[in-house]
Amino acid sequence: MRLTSFTDYGLRVLMRMAGDPARAFTAADLATELRVSRNHLAKVISALAAAGLLETRRGGGGGAMLARPPEDIRLGDVVAVLEADQALVECFATGSNACILSPKCQLKSRLAHAEAAFVADLNRSTLADCVYRPEDA
């Protein structure tokens, strides 16, 4: 299984925020610190806020903060939210499945089970288990 860079960046953002939960982070701050695109991080932050994982404020002193304590954020739930629009394989995509094996495929249910098990296993851990604090912070 491979996660998208969108999910990877989302997890990094949450891990970093968990390391300093009282601080409001801007997309620019995080982009510099994590060495990723500011525009991409802005989209990630927007998705995390829409999912209720972050709270955002505009203006001076604004930024994004965790919406709840790190121990209340399950990693599998984060991955499920951020990967929601990504089909594991073509036949999982709604409306664009052109796989000719689909009518009699014996693999699809096994893949669905494996995907569910992956998320369930990640849900055994919380963001509190993966807090990131840079050495100079």
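Trainee: Why does D29 count as partly exposed?

Mentor: D29 has 32% relative accessibility. Buried means under 20% and exposed means over 50%. The value lies in between, so D29 counts as partly exposed. Keep in mind that this is a predicted model.

Trainee: What makes R23 and D29 a salt bridge?

Mentor: Their closest N and O atoms are 3.7 Å apart. The cut-off is 4 Å, from a side-chain nitrogen of Lys or Arg to a carboxyl oxygen of Asp or Glu. The pair of R23 and D29 is within it, so the name applies. R23 counts as partly exposed too, at 28% relative accessibility.

Trainee: How many salt bridges does the structure hold?

Mentor: Four. One of them joins D8 and R12, with 2.7 Å between the closest N and O atoms.

Trainee: How do you know what separates D8 and R12 along helix α1?

Mentor: Count the places. D8 and R12 are four residues apart, so about one helical turn separates them. An α-helix has 3.6 residues a turn, so residues three or four places apart point the same way.

Trainee: Are D8 and R12 buried or exposed?

Mentor: Neither label fits. D8 has 30% relative accessibility, and R12 has 31%. Both values fall between 20% and 50%, so both residues count as partly exposed.

Trainee: What about R124 and D121?

Mentor: Their side chains meet in a salt bridge, at 2.7 Å from N to O. R124 has a relative accessible area of 66%, over the 50% mark, so R124 is exposed. D121 stands at 42%, under that mark but not under 20%, so D121 counts as partly exposed.

Trainee: Where is T126, and why does T126 count as buried?

Mentor: T126 is in the segment after α5. Its relative accessibility is 8%, and buried means under 20%, so the label holds. Beyond the neighbours within four places in sequence, T126 is in contact with P70, E71, I73, R74 and L75.

Trainee: Which residues of helix α4 are buried?

Mentor: In α4, residues 75-82, they are L75, G76, V78, V79 and L82. They cover an arc of only 160° around the axis, which puts them on the same side of α4. They pack against α1, α3 and α5.

Trainee: What makes α4 oblique to α5?

Mentor: The two helices pack at about 135°, with their axes 6 Å apart. Roughly perpendicular covers 65 to 115 degrees, and roughly antiparallel needs over 145. The angle of about 135° falls in neither range, so α4 is oblique to α5.

Trainee: Which residues make that contact?

Mentor: From α4 come L75, G76, V79 and A80, and from α5 come F118, V119 and L122. They divide into six nonpolar, one polar and no charged. Gly counts as polar, so G76 is the polar one.

Trainee: Why is α1 called roughly perpendicular to α2?

Mentor: Their axes cross at roughly 100° and come within 11 Å. The range for roughly perpendicular is 65 to 115 degrees, so the term fits α1 and α2.

Trainee: Which residues meet there, and how do they divide?

Mentor: R12, V13, R16 and M17 in α1 meet L30, E33 and L34 in α2. The contact has four nonpolar, no polar and three charged residues. Arg and Glu count as charged, so R12, R16 and E33 are the charged ones. R12 is also the partner of D8 in a salt bridge.

Technical notes: Residues numbered from 1 in each chain as written. Predicted model: local features only at pLDDT ≥ 70, side-chain atom pairs only at ≥ 80, totals over all residues. Heavy atoms only, no water. Buried < 20%, exposed > 50% of the residue type's maximum accessible area, 1.4 Å probe, protein only. Arc of directions from axis to C-beta. Contact = heavy atoms within 4.5 Å. Axes fitted to C-alpha atoms, helices over the stretch in contact; angles between N-to-C directions. Parallel < 35°, antiparallel > 145°, perpendicular 65-115°, else oblique.
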